[in-house]
Amino acid sequence: MGDYLKLLLLRHGESVGNVDGCLEGQTSTALSTHGQRQAQQLSTYLQQSHPQPLCIYSSPLQRATETASYLSAIADCPLRLEPDLQELHQGIFQGLTWAEASQRYPQICATLTATLDYQPVPGAETLVAAHRRASRWCHTLWQRHPSGGWVWVVTHGGFMQQLIRVILGCDRTWQIPIHHTALFEFWLLSSGLTPASQHNPECWKISKFNNTPHLDPSQ
């Protein structure tokens, strides 16, 4: 067997926009004081528990880059900002709270809450486009690290849903309540399926899934 690509997906720490209840999307907001503490706790945990990564990748949005800066301080490797790791654009809702969106766009919000069927928001990135973006980025990752090693990736809750879908080879996106600075650790031996390997669980392993061992349970 070859070497596993050991992929550690990480959500950013709590942001000021999260505290305000905003639909942040691709707005670039800073970490809250609590989010800074979460990022510091995360970096301490990784320093004690994980080998050095080959590279740290991060969304260029501020809440992600601030989180990544804590990790970069304890890792002797490049930090690369990747536009493809940004959160999904929220269109006309971006930067608003749900209450504000409901007041400005009552008909659209009423339609969204009345059905489970997908309803597009004007100006927003579609789920199909987000999935395509996640697939593209995962393919690029394999091209950069074909011989394995550790890679840390700081991104956003909504886009992580799409990345996880791609990594697991799922035909749907799952609603996963991802905590700030949660860890998802995947060991991947192959970037694709072959008839000989697709049913062998040794090829793909989940080591951590939505874990927060560095955080106090009361947080």
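This passage describes helix packing, salt bridges and selected residues in a predicted model.

Two pairs of helices are considered here. In the first pair, helix 2 and helix 3 pack with their axes 8 Å apart, at an angle of about 30°. Angles under 35 degrees count as roughly parallel, and helix 2 and helix 3 are therefore described as roughly parallel to each other. Their crossing is right-handed. On the side of helix 2, the contact involves Q36, A39, Q40, L42, S43 and L46, which meet E66, T67, Y70 and L71 in helix 3. By residue class, the contact of helix 2 with helix 3 comprises five nonpolar, four polar and one charged.

The second pair is formed by helix 6, which covers residues 127-144, and helix 7, which covers residues 157-168. The axes of helix 6 and helix 7 come within 9 Å and cross at roughly 60°. The two helices are therefore oblique to each other. The crossing of helix 6 and helix 7 is right-handed. Helix 6 contributes L127, A130, H131, R133, A134, S135, W137 and C138 to the contact, and these residues meet F159, Q162, L163, R165, V166 and I167 in helix 7. The residues of this contact divide into nine nonpolar, three polar and two charged.

Attention now turns to charged side chains. Side chains of opposite charge can pair when their charged atoms come close. In this model the count comes to seven salt bridges. One of the seven joins the side chains of R63 and E24, with a distance of 3.5 Å from N to O. R63 belongs to helix 3 (residues 62-72), whereas E24 is in the loop between helix 1 (16-20) and helix 2 (33-49), so the pair ties together parts that are 39 residues apart in sequence. R63 has a relative accessibility of 2% and therefore counts as buried. E24 also counts as buried, because its relative accessibility is 6%.

A further salt bridge links the side chains of E82 and R80, at 3.8 Å from N to O. E82 is buried, with a relative accessible area of 9%. R80, by contrast, counts as partly exposed at 36% relative accessibility. Salt bridges that share partners join R80, E82 and R144 into one network. The side chains of R133 and E125 also meet in a salt bridge, at 2.8 Å from N to O. Both R133 and E125 are buried. R133 additionally takes part in the packing described above, as one of the helix 6 residues that meet helix 7.

Individual residues add detail to this picture. L61 lies in the loop between strand 2 (55-58) and helix 3. The relative accessibility of L61 is 5%, and L61 therefore counts as buried. When neighbours within four places in sequence are left aside, L61 is in contact with G25, Q26, T27, S28, Q86, E87 and H156. L61 and E82 are 21 residues apart in sequence, and their C-alpha atoms are 9.6 Å apart in space. E82 is also the salt-bridge partner of R80.

T155 is located in strand 4, which spans residues 149-155. At 0% relative accessibility, T155 counts as buried. With residues up to four places away in sequence not counted, T155 touches L10, R11, H12, L85, M160 and L163. Of these, L163 is also among the helix 7 residues that helix 6 meets.

Two residues are notable for their backbone angles. T181 has a phi near 65°, a positive value in a residue other than glycine. T181 is placed in the loop between helix 7 and strand 5 (183-188). With a relative accessible area of 0%, T181 is buried. N210 likewise has a positive phi of about 65° although it is not a glycine. N210 lies in strand 6 (residues 204-211), and its relative accessible area of 22% makes N210 partly exposed.

Definitions and conventions:
Residues are numbered from 1 along each chain as its sequence is written. This is a predicted model: local features need pLDDT of at least 70, side-chain atom pairs count only at pLDDT 80 or more; totals for chains, interfaces and linings use all residues. Side-chain values use heavy atoms; hydrogens and water are left out. Axes are lines fitted to C-alpha atoms, for helices over the stretch in contact, and angles run from 0 to 180 degrees between N-to-C directions. Helices (H or I, at least four residues) and strands (E, at least two) are DSSP runs, numbered from the N terminus. Angles under 35 degrees count as roughly parallel, over 145 as roughly antiparallel, 65 to 115 as roughly perpendicular and the rest as oblique. A crossing is left-handed if the near helix is turned anticlockwise from the far one by less than a right angle, and right-handed if clockwise. Contact means heavy atoms within 4.5 Å. Ala, Val, Leu, Ile, Met, Phe, Trp, Tyr, Cys and Pro count as nonpolar, Asp, Glu, Lys and Arg as charged, and the others, Gly among them, as polar. A salt bridge is a side-chain nitrogen of Lys or Arg within 4 Å of a carboxyl oxygen of Asp or Glu. Buried means under 20% relative accessible area, exposed over 50%, partly exposed in between (1.4 Å probe, protein chains only).
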